[in-house]
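Me: I should like to discuss the structure shown below, one question at a time. Please give the reasoning with each reply.

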Amino acid sequence: HLALRRQGIPKASSGNPLAASAPWKRRDLHRLGQADCEALGGIFYFRILGFNCVQISDPWLAAEVLELGSRRPDLVDKPRGLPLPIYDCFDRGTSDPPQPSMISAAASDPLWRVIRKGVAPAFSAPNIRRAFAAVEEVTGRLLARLREHGAQRLLDLDGALMCHALDVIGKVAFSRDFKATMDLNGPGAAACRMIKEICAVGVDDMRNPLRPILRAMPFLPEAWTYRRRTLALTRSVQALMRDLAEEVHARGARSEEEDPTVAGHLMRVRDAAGRPLPFTRLWSEISIVFMAGMETTGHTISWTLYLVSQHPAVEARLAAELDAAGLLLTRARPRPRALAHADLGRLTYLQSVVKEAQRLFSVAPLVVRRALRDVRVGQYDVPAGTCLLLHVYAMHTTSANWSQPAEFLPERWLESDAEYARWPPEGGPAETGPASHCSPDPEASWQGGQTRARRFMPFLEGSRQCVGMSLARMTTATTVAALLSCFTFRLSDDMGGPEGVRASEAYYVTIQPAEGLRMHAIPRPC
Ligand code: HEM
């Protein structure tokens, strides 16, 4: 770490990693990384268990790491093992025996390459247009449940939206209807809670690397109870996904016309020797689509609706846009026309609202890579073995990258190029202090003519960008538009207002309201 220090990279305190109060163990660790970024700048380092971790939220440096990862996975790739075994944790839950999957496999894994290439066409523009009907159907069911539920009774909106995401992914990606939106307290909802909990267990294991060891010591009563719970959970999620994998496997490899879904594409994947995927790998890949897609999409919609509920002026402008499009339920229009796929592109304010919610609640806030050899990132030499923590949440919310970073201002997205940070920044580059770290490499990028870098990347960039991005975007916009056309949402008093919501916010792979988001769904016109 002396090599990092010598280059002027600031150091953040990492406390005692074994203490219960260690920063890494905090539920709101995404906010901690953001606060460190405000104090220290777009790049700094800290140490966990003697390992170097460099946190990056500077857009230019992040772009270089992602570019290196895409072009030279022999230099920068997904990490395995200590100090941040986040991707290993996925493997334990996705199949038995554990197998890598698209999200956890290193880019150098030849199967990752063929699977990623094989599955990507399932998310092509024509397939997403086709998927719209399924999203509409599932959203229609959710609307019916909300109407039955009534405005008085509390609703865990986040739980309901995970049911929605489970059904969408099941139907669109695997032609399986889990019917979770038929009964928000039924078996589908229980499956959602299990998937959410198993991801939380993985993150808790990562926060405390001693936990998996403790679990193997049955003579400790607490460890024993936890072990039983974790094993039961893992078995249930694996059984659910194995059942689906067997169904997909039994359908066999059909042509693209017959089966354009993720299932069909996975069944057509062949390795370099022309062999299909082994069954356990198929199982693991199916599991990861739900683990990567369900919570992310559900929480994104929840946070969007929560933010809208807290900003009456935004809500009014959104309602006006939906009204102008003939989509809003009003006294004069008790039966608004159905949303069409073509509407999504025209609802520009709605799209801005979703983007602004994704900026403030980047549901996938932390992305980890490792320098496999000594690499140069911007003006810095990063030694081999260093963990590179791309702090998407800090990038989206730091004052170095945004004006009024903590405000919910959808209007900022109406400007073109709002997704990019520009160099030099307004007011000129800072000479000293944290902001001096938020600059492009003066020799390589800035003088080389690169004057902008992406400061908004909820789905990441480069070769490991979210493969399900197009489905997630379409689902989010469709659902937000449909729900706000028929309902307004009010936070329940027992959430304790915005401070209570803030206190319940937790990082468990995703940023989530850890105990749910209780709201009242009030039918329009109200
Ligand atoms: C708003 C919703 C979503 C967000 C914000 C999101 C975000 C992300 C991010 C940031 C990554 C990169 C993770 C990393 O490298 O550590 C990722 C990867 C991935 N996502 Fe998403 N995602 C969303 C929805 C979905 C959906 C709906 C699916 C599938 C139906 C999906 C499937 C995947 C998969 C399989 C990967 C791994 C890709 C690879 O490394 O090749 N995601 N997602």
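Me: Which residue does UniProt list for "binding site"?

Reply: The model is a predicted one, whereas this annotation comes from a record. The UniProt entry is unreviewed, and under "binding site" it lists Cys466.

Me: Is Cys466 buried or exposed?

Reply: Cys466 is found in the loop between β10 (452–454) and α18. The cut-off for a buried residue is 20 or more other C-beta atoms within 10 Å. Cys466 has 20 C-beta neighbours inside 10 Å, and therefore it counts as buried.

Me: Which helix gives the most residues to the shell around the ligand?

Reply: The shell has 25 residues, of which Gly293, Thr296, Cys466, Gly468 and Ala472 come nearest to the ligand. By character, the shell divides into 17 nonpolar, six polar and two charged residues. Helices α7 (157–174), α12 (279–309) and α18 (469–486) each supply at least two residues. The greatest contribution, seven residues, comes from α12.

Me: Where do the buried residues of α2 lie on the helix?

Reply: Helix α2 covers residues 29–40, and its end C-alpha atoms are 16 Å apart, in agreement with the span expected for 12 residues at 1.5 Å each. Its buried residues are His30, Gly33, Gln34, Asp36 and Cys37. Seen down the axis of α2, these residues fall within an arc of 160 degrees, so they line one face of the helix.

Me: Which strands form the edges of the open sheet of three strands?

Reply: The strand order is β4-β14-β11, and the pairing is antiparallel. Strand β14 (residues 518–523) is joined to β11 by five bridges, and Arg490 stands opposite His520 in β14. An edge strand pairs on one side only, which holds for β4 (155–156) and β11 (487–491).

Me: Which residue does a cis peptide bond join to Arg524?

Reply: One cis peptide bond runs from Asp96 to Pro97, with omega near 0 degrees; Pro97 is found in the loop between α4 (86–94) and α5 (110–119). At Arg524 the bond is also cis, with omega of about -10 degrees. The partner lies in the segment after β14, and Arg524 is joined to Pro525.

Me: Is Ser175 exposed, partly exposed or buried?

Reply: Ser175 lies in the loop between α7 and α8 (187–207). Its phi is near 50 degrees, a positive value in a residue other than glycine. Since Ser175 has 16 C-beta neighbours inside 10 Å, it counts as partly exposed.

Methods
Residues are numbered from 1 along each chain as its sequence is written. This is a predicted model: local features need pLDDT of at least 70, side-chain atom pairs count only at pLDDT 80 or more; totals for chains, interfaces and linings use all residues. Helices (H or I, at least four residues) and strands (E, at least two) are DSSP runs, numbered from the N terminus. The expected span of a helix is 1.5 Å times one less than its number of residues. A residue is buried if 20 or more other C-beta atoms lie within 10 Å of its own, exposed if 12 or fewer, and partly exposed in between; C-beta atoms are placed from the backbone. The arc is that of the directions from the helix axis to the C-beta atoms. A residue is near a molecule or strand if its C-beta atom, placed from the backbone, lies within 6 Å of it. Ala, Val, Leu, Ile, Met, Phe, Trp, Tyr, Cys and Pro count as nonpolar, Asp, Glu, Lys and Arg as charged, and the others, Gly among them, as polar. Two strands pair if DSSP finds at least two bridges between them. UniProt positions are given in the numbering used here, feature names are shortened, and annotations may be inferred rather than shown by experiment.
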